Each structure stands twice: as structure tokens, then as C-alpha cells.
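Biologist: I've got this one open on my screen. Can you walk me through it?

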Amino acid sequence: MTILTESYTLSNGVTIPKLGLGTWFIDDDRAAQAVRDAVEIGYRNIDTAQAYGNERGVGEGVRTAGIARAELFVSTKLAAEIKDYDEAVAAIDGSLVKLGLDYVDLMLIHSPQPWNDFRGGDYAEGNRAAWRALEEAHTAGRLRSIGVSNFLQSDLENILGSCTVVPHVNQLLAHVGNTPSELIAYCEGKGILVEAYSPIAHGEMLKNPDVAAIAEKYRVSVPQLCIRYTLQLGAVSLPKTANPEHMRSNAEVDFVISDDDMAVLRDLRARDYGEHSVFPVFAGK
């Protein structure tokens, strides 16, 4: 599981492990144990968000994992509804209190729009205000790096037009069947690292026979193929699980997908998320 010792370097020199533990849908009372299990296996990158409702549990897991805080990379996200400087300042403080940490390694604006208006209205000014709060907390050393999530090129251009710190990260829905290649290339051109959340399409890739056939070719599982795919895109991969066996399996990706198979997977289109389509990020917007 050498992937657990590999990292990328952000534009500000901060290193971030290539494989992380996503914690969406892990209840707060289970999050601490999930983090401790992941750290015992070798994970050093833990991702949460205000919207997940489990910052308290994730922070407890970080503090009780039995290794130095400095060895862990902890991310959280500013709630998508916060498009105001003062509210953002208060929310940053709130996350640090809930996590019980003096600093976080990465904080993101969770979405360019509130969830109830995802890909809807114009929140450009609100995003700039929230970004200013993140910049100030970053300058103060409370956030080692800052970024965004679900931002399209136009959303990024809005930030880049007035920022003093270029976003270090853009966390995106990116997986086999949904590869935003142009947006990934744009981010790379601006020195913005892409993180891929839901790399297994919230489980829907498990049902895809084309993906299963390629996984069989490499004698790996569908999740392992999907995680490896996002890594070879040059992204951080953030599969979510509270199951230690799945954590171990997800890290067993020390194989290489050929260029030809990467092209096949990149061109595949599969964006039917079934019951999960109720969530804005999976609604096809």
C-alpha cells in the first residue's frame, strides 16, 4: 500500500497525501473510530465538512489517533450557504472549535452556490467575501491551505480576479464516467490541485459492466480501478468508507492503468446516480 506514503505538493509548498479518507455519510458518533481505524492502516489525509455534521467526531479521531497532529492532513469545508464575510469568519472559528484543533490543513468553500440553488444564481460577490475570510485565516496560520469545491471555471475566474491567495485545491466530482477534463486542465494550468470526491460514483460504478471488465483485466476490484483512475488523472482520491477492510482494499492500488485503458475510461459516460440523484452534485446540473 505504497500509495499511503505518496503525496502531492500544493502551490504553497504544503504536502498533501494522494489518498484520503472521505467521511460524507459517516455519522458523528462513528467518525472518531473511522478516523482511528484509517490512521492505524496508514491513512494520513482525512476529509470532512461542516455540512457532514461530523466535525466533532472527526476531530476526536484525529486527537486520539495516537500519532502527532502534524503527521495528519485534515480538511474541512465552509458550508455552501455562507456567502458573507462575517458569517465565514464565524464559521471558520466554529469548525476549529468543533474539531478541537488549533489549525486545519485545508479549508474549502463547499460550493459556489447554496445547495438549494446549486448551479443557479449569481453569488460572485458572496464567494469573494467568503474567500477573503479564508485568506485572512490562512495568513494567520489557522488554515495551512485554502481552496474551493465544485467550482467551475467561471467560479474560479471570479476568485482569481481579486484574490491575494490563489486557491490551492478544487475538490470536484470526478470519476470513471464523469471526467471534467477541460476543468481539470484549467486547474492544472493555474497551479490548483484537483481532489476527486466520490471516485466510485457513490457506489454506482459497482454496477457498470464495462468498468467491471477492465477491472477484471487488471485483477483488481472495481473500487480499486476507480481510485487508481483518479490518481492517474493527477488528483487526490477521496473514497468514503467507515469499514476498515474497505480502507485497506482502497489503498491496494499499486498497479498502473495503461494509456489505452485510461483513454477508454476517460471517454466513458455514466452519470446515473440512481437514488443518490436527489443530492445536488448528482442531479446532472
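Modeller: Sure, and keep in mind that this is a predicted model. Let's start with histidine 110, which, leaving aside neighbours within four places in sequence, is in contact with Ala49, Ala51, Tyr52, Lys77, Leu78, Ala79, Ala80, Trp115, Ser149 and Asn150.

Biologist: Is histidine 110 buried or exposed?

Modeller: The cut-off for buried is under 20% relative accessible area. Histidine 110 comes in at 6% relative accessibility, so it counts as buried.

Biologist: Where is histidine 110 placed, and which UniProt annotation covers it?

Modeller: Look in the loop between strand E6 (106–109) and helix H4 (124–139) for histidine 110. The unreviewed UniProt entry covers His110 with the annotation "binding site".

Biologist: Which residues have the most contacts inside the largest nonpolar core?

Modeller: That core has 94 residues. Take isoleucine 92: not counting residues up to four places away in sequence, it touches Gln50, Leu78, Met107, Ala133, Leu134, Ala137, Arg142 and Leu143. The residues with the most contacts inside the core are Tyr43, Leu78, Ile92, Met205 and Leu225.

Biologist: How are H7 and H8 oriented to each other?

Modeller: The axes of helix H7 (residues 209–218) and helix H8 (residues 222–232) come within 9 Å and cross at roughly 90°. Angles of 65 to 115 degrees count as roughly perpendicular. H7 and H8 are therefore roughly perpendicular.

Biologist: How do the residues of that H7 with H8 contact divide into nonpolar, polar and charged?

Modeller: H7 brings Val211, Ala212, Ile214, Ala215 and Tyr218, while H8 brings Val222, Leu225 and Cys226. The split is eight nonpolar, no polar and no charged.

Key. Residues numbered from 1 in each chain as written. Predicted model: local features only at pLDDT ≥ 70, side-chain atom pairs only at ≥ 80, totals over all residues. Heavy atoms only, no water. Core = buried A, V, L, I, M, F, W, Y, C linked by side-chain atoms within 4.5 Å. Buried < 20%, exposed > 50% of the residue type's maximum accessible area, 1.4 Å probe, protein only. Contact = heavy atoms within 4.5 Å. UniProt positions renumbered as here; feature names shortened; annotations may be inferred. Helix = DSSP H or I, 4+ residues; strand = E, 2+ residues; numbered from the N terminus. Axes fitted to C-alpha atoms, helices over the stretch in contact; angles between N-to-C directions. Parallel < 35°, antiparallel > 145°, perpendicular 65-115°, else oblique. Nonpolar A, V, L, I, M, F, W, Y, C, P; charged D, E, K, R; others polar.
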